[in-house]
Structure formats: C-alpha cells, structure tokens
Amino acid sequence: PTHRRLLVQNSAVKAIVGGMKDHPSDESIQELGCAALRNLGSGADAATKASISAGGGILVVVHAMRRHAGSEAVQEQGLRALRNLAKDSSGNKVAIAGTVPVIIEAMGLHGASEPVQREGCATLRNLSVSADNQVAIAACGGVTAITSALISISKTEKVQVQGTGALFNLSFSPMALANLKKEKRLKKALKGAAKRFPDSCEKYCDGILDRLPYASDDAKATQWPIPIDTAKSGSRSRKSGGENALTDDVSPTLKILSHIHRLEDHTTSTEDESKVAIAELARL
C-alpha cells in the first residue's frame with residue numbers, strides 16, 4: 001500500500017489516464033491501463049482510492065469497457081479495477097454505482113467467461129452494501145445477471161461465493177427481494193451453490209431462501225432511469241434552488257445514479273431530459 005500511495009502522489013494516475021485517453025482504440029493499452037489502475041487500487045486506503053477517482057481513473061476504465069465491449073481481457077481488467085476501487089470506499093461506491101449498466105452489459109456479453117462473471121459478481125457485491133445501490137442494481141437487471149452467472153459458471157467456487165454474496169446483500173432491499181422471488185431459476189441456482197460449496201455459500205443461500213417468503217408480490221419496481229418531469233423542472237429552472245424534477249421520496253444518491261445512467265445511455269433520454277439531468281447534477 002505504501003508504494004502504491006507514493007505512485008498516486010507522484011502523478012501515476014495522471015500518466016495512466018493520459019496514455020489511455022491518447023490511445024482509446026488500442027486494446028492492449030486499454031487492458032494494461034485498466035490493470036495498472038486495478039493494482040493501484042488493490043489494498044489502497046480510502047484517500048488513495050479517492051485520488052484515483054478524482055484523477056479520472058473510474059471514468060477512463062468505463063470508457064475502455066464501452067469501447068472494447070467485445071474484449072474479454074479489457075472487461076476482466078476493467079471490472080477488477082472497479083471492484084478494487086469500490087471496496088471500503090463510500091465515495092467511490094457512489095461513483096462506480098453509476099456504471100452498473102456497464103458491469104451488467106459486460107456480464108451479458110461474456111456469459112461463458114469465468115473471470116468476467118467472477119469480477120462482475122464481486123463488483124456488484126461490493127456495491128450492494130448500500131441500500132441505494134441495491135435499488136439501482138436491481139432496477140438495471142442485476143438479479144438476472146448474477147443468477148445467470150451462478151448457472152453458467154456453476155463449478156467455480158469464487159463465482160458462486162461472489163454471486164451468492166451479492167444476492168444476499170440485495171435481498172435486504174424490498175424491491176430487489178421482489179425481483180429475486182420472480183427469478184424462476186433462483187432457487188435451483190442457490191441450492192446448487194449450497195450443495196457444491198457448503199462452507200462458503202450455504203449461509204448466503206439459506207439467508208436468501210429464508211427471506212423469499214416475505215417478498216411482496218406488489219412491490220413497486222423502480223423505473224430506471226427514474227422518470228423526469230421536464231415540465232415541472234422547466235417551470236422552476238430559473239429559480240434559485242429550484243424544485244427537483246424527480247419525486248421527493250428518492251434519495252439524493254439515487255438521484256445522482258439515475259441522472260448518471262441517463263446521460264451515459266442516450267437511447268433512454270430525450271434532449272430535454274438530458275438537459276434537466278445535467279442541471280440537477282450541478283445542484284445536488
């Protein structure tokens with residue numbers, strides 16, 4: 001950790017991010033850049049991880065994963081970097097939670113890849129300790145993605161541990177628990193994981209199965225991104241401290257995550273909605 005801190009303090013992040021930005025189409029540079037950021041974040045303290053994020057480390061990893069979506073190596077290293085940077089860092093958890101669609105997309109494109117499924121589940125597990133992140137992960141299809149990983153890579157303990165651990169965290173959210181109950185493959189996947197790896201997985205599987213009967217069939221699914229009332233926002237945009245265009249019962253963190261997702265995926269938003277998202281991010 002000490003030498004990693006020194007590297008960060010002496011502009012290592014700036015150099016790595018700069019190199020990745022200068023060569024966005026070079027797959028090997030993007031893979032190595034993600035790997036370097038992964039190493040800097042491994043075992044680092046919260047301040048070091050915050051410095052990596054502030055230096056553009058998270059953003060450049062996401063850009064690499066989007067540009068090289070078909071590269072298993074880039075996806076693996078990118079996910080490993082996000083996993084390390086999210087661990088034990090509350091600030092980075094919020095920033096990285098904004099990339100949940102990228103994580104789930106990687107898992108979907110590389111369903112047979114043990115490293116991608118392992119790191120995807122592990123990253124979602126690190127993020128899902130937060131109640132707001134639980135809602136975001138569930139809303140973006142996280143339950144389905146993790147369940148698919150448990151089924152497709154059923155004989156690898158690390159995938160099973162990370163996947164069942166992530167689902168266990170999600171089961172504390174009423175909305176995610178409702179999604180778990182609706183996932184028809186879930187019980188079979190959990191029972192298989194518990195049987196094959198009782199020492200490491202059984203406690204998570206039993207915890208989820210114990211909660212499933214309490215899932216509400218009427219639990220309201222969160223539409224994602226959260227709908228924006230552009231008329232409401234527009235009428236107040238010129239007023240100081242204008243009223244937020246999202247419903248008042250949405251937490252500030254969820255508002256941030258929703259706006260980030262909206263801006264990253266242009267297919268889900270109109271131009272007016274994107275303008276509102278940018279304006280509200282500036283106010284939050």
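This passage walks through the fold of a single chain, from its overall make-up to its core, its empty spaces and a few individual residues.

The structure is a predicted model. Its chain contains 18 helices and zero strands, so helices are the elements to follow when finding one's way around. Of the 284 residues in the chain, 51% are buried. The surface that the chain exposes comes to about 13300 Å², and 52% of this area is supplied by carbon and sulfur atoms. Contacts also reach across the sequence: when residues at least 6 apart are considered, 72% of their contacts join residues at least 24 apart.

A good place to begin is the interior. In soluble globular proteins, nonpolar side chains tend to be buried together. In this model, the largest nonpolar core brings together 71 residues. Those with the most contacts inside this core are L37, L40, V61, L167, L180 and I208. The surroundings of L37 give a view of how such a residue is packed: beyond its neighbours up to four places away in sequence, L37 touches I16, M20, I52, G57, V60, V61 and A81. V61 therefore appears twice, both as a partner of L37 and among the core residues with the most contacts.

L180 leads to another part of the chain, helix 13, which spans residues 174-182. The buried residues of this helix are M175, A176, L177, A178 and L180. What covers them? The cover includes helix 10 (131-139), helix 11 (142-152), helix 12 (157-170), helix 14 (186-196) and helix 15 (198-211).

Helix 3, residues 27-41, is also worth a visit, beginning with Q30. This residue counts as buried because its relative accessibility is 2%, and the cut-off for buried is under 20%. Leaving aside neighbours within four places in sequence, Q30 is in contact with M20, H23, P24, A64, H68 and V74. M20 is thus a partner of Q30 as well as of L37.

R38 is placed in helix 3 too. Is R38 buried or exposed? With a relative accessibility of 14%, R38 counts as buried. Its contacts, again without neighbours within four places in sequence, are with Q77, R80, A81 and N84. The C-alpha atoms of R38 and L82 are separated by 7.3 Å, although these residues are 44 apart along the chain.

L7, in helix 1 (residues 2-9), offers another view. Its relative accessible area is 42%, so L7 is partly exposed. Apart from residues up to four places away in sequence, L7 touches A12 and L40. L7 and L40 lie 33 residues apart along the chain, yet 8.0 Å separates their C-alpha atoms. Through this contact, L7 touches L40, one of the core residues with the most contacts.

Attention can now turn to empty space. Rolling a probe the size of a water molecule over the atoms shows where empty space is left. How many cavities of 30 Å³ or more does a search of the whole structure find? The search finds one. The largest cavity has a volume of about 40 Å³, and its lining is made of M65, R66, A69, Q75, V102, E105, A106 and L109. Helix 5 (57-67) and helix 8 (100-109) each supply at least two of these residues, with helix 8 giving the most, four residues. By class, the lining has five nonpolar, one polar and two charged residues.

The second largest pocket holds about 250 Å³ of space. It is lined by 16 residues, and the closest to its centre are R83, K87, D88, A122 and N126. At least two lining residues come from each of helix 6 (72-86), helix 9 (114-127) and helix 12; the largest share, three residues, belongs to helix 9. By class, this lining has three nonpolar, seven polar and six charged residues.

D88, one of the residues closest to the centre of that pocket, deserves a final look. It is found in the loop between helix 6 and helix 7 (90-97). At 61% relative accessibility, D88 counts as exposed. Most residues other than glycine have a negative phi. For D88, however, phi is near 55°, a positive value in a residue other than glycine.

Definitions and conventions. Residues numbered from 1 in each chain as written. Predicted model: local features only at pLDDT ≥ 70, side-chain atom pairs only at ≥ 80, totals over all residues. Heavy atoms only, no water. Buried < 20%, exposed > 50% of the residue type's maximum accessible area, 1.4 Å probe, protein only. Contact = heavy atoms within 4.5 Å. Core = buried A, V, L, I, M, F, W, Y, C linked by side-chain atoms within 4.5 Å. 1 Å grid on protein atoms, 1.4 Å probe; cavity = no way out; pocket = protein on both sides within 12 Å on 5 of 7 lines; lining within 4 Å. Points joined across faces, edges and corners; volume = space filled by probe spheres on them. Nonpolar A, V, L, I, M, F, W, Y, C, P; charged D, E, K, R; others polar. Areas by Shrake-Rupley, 256 points an atom, 1.4 Å probe, with all protein chains shown as cover.
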